[in-house]
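Biologist: Please take one part of this fold and examine it closely, working outward from it to whatever surrounds it. I should like a single connected account.

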Amino acid sequence: MGNRDEFTGVIIGNSEAPIKVTEFINVSCPDCKRWFEKTQSFYAPLIATGKIVVQVYPYQKDKQALLKGNEAHHYLDLSNSDTFLKQVTSLYNDFDEWLSLDGASLQQFFEENLGPKQANEATFKEAEKLLKHYGTENVPTIVINDHVFDEFATIEDLSTAMGL
């Protein structure tokens, strides 16, 4: 569901869509979870009609509260947007459960619910480089036409940046 030749993040939609939305997330961040829940119904029809493509980068942030998310990112399938969305939805549905686990129990949860580890290091490096370019290290960060937003952005803010 997207051409990976140009991007290292997961592509949701047609990579040739006229509007590109780039998101940087950490799956253990409560603000990223709320952002995901807030935007999915807004994005879905725009993706389905080819108006937007959403490019998602898992961001490896060196912050104690996000370390479990950093580990989870190694299990995300960035080559298949459908699988990726199912994995992220599953992580958010079981948010409190997996965040309460540690060590071998956490690894076992990821393996059983997400599958084997993936080679996502290039994407992690690209996310770090891009966030520095945009002058932030926060998650979630959303970029539309060089407009940089955080979790406080509204759907109206996104629509305006998209020219909708």
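Modeller: The part I have chosen is an open sheet of five strands, ordered β1-β3-β2-β4-β5 and of mixed pairing. Its edge strands, each paired on one side only, are β1 (10–12) and β5 (147–149). Direction ignored, neighbouring strands of the sheet are turned by 20 degrees against each other on average. The model is predicted, so local features need pLDDT of at least 70 and side-chain atom pairs count only at pLDDT 80 or more, whereas totals for chains, interfaces and linings use all residues. Residues are numbered from 1 along each chain as its sequence is written, and side-chain values use heavy atoms, with hydrogens and water left out.

As to terms, helices (H or I, at least four residues) and strands (E, at least two) are DSSP runs numbered from the N terminus, and two strands pair if DSSP finds at least two bridges between them. Axes are lines fitted to C-alpha atoms, for helices over the stretch in contact, with angles from 0 to 180 degrees between N-to-C directions. Contact means heavy atoms within 4.5 Å. Helix α3 (residues 81–93) packs on the sheet and touches β1, β2 (19–25) and β3 (52–58), its direction making about 95 degrees with that of β1.

Strand β2 deserves particular attention. Six of its seven residues are buried, so β2 is largely enclosed by the rest of the structure; here buried means under 20% relative accessible area, exposed over 50%, and partly exposed in between (1.4 Å probe, protein chains only). On one side, β2 runs parallel to β3, joined by seven bridges, with K20 opposite V53 of β3. The chain passes from β2 through α1 to β3 in a right-handed β-α-β crossover: with the strands pointing away from the viewer, the path from the first strand over the helix to the second runs clockwise. Strand β2 is also joined to β4 by four bridges, and these two run antiparallel; the partner of V21 in β4 is I144.

Strand β4 (residues 141–144) in turn runs antiparallel to β5, through three bridges, and I142 stands opposite F149 in β5. The loop between α6 (121–133) and β4 contains P140, which is joined to V139 by a cis peptide bond with omega of about -5 degrees. In the loop between β4 and β5 lies N145, whose phi is positive, near 50 degrees; at 45% relative accessibility N145 is partly exposed. D146 lies in the loop between β4 and β5, has a positive phi near 65 degrees, and is exposed at 61%. Most residues other than glycine have a negative phi, and most peptide bonds are trans.

The sheet also has a link to the core. A nonpolar core is a set of buried Ala, Val, Leu, Ile, Met, Phe, Trp, Tyr and Cys residues joined through side-chain atoms within 4.5 Å. The largest has 47 residues, of which Y43, L158 and M162 touch the most other members; helix α1 (residues 30–48) supplies its largest share, seven residues. Beyond its neighbours within four places in sequence, Y43 contacts several residues, including V21, V54, I142 and W35.

Finally, the cysteines. No disulfide is counted, a disulfide being a pair of cysteine sulfur atoms within 2.5 Å. The sulfur of C29 lies 3.5 Å from that of C32, the closest cysteine sulfur, which is too far for a bond. C29 is buried at 5% relative accessible area, and C32 is buried at 1%.
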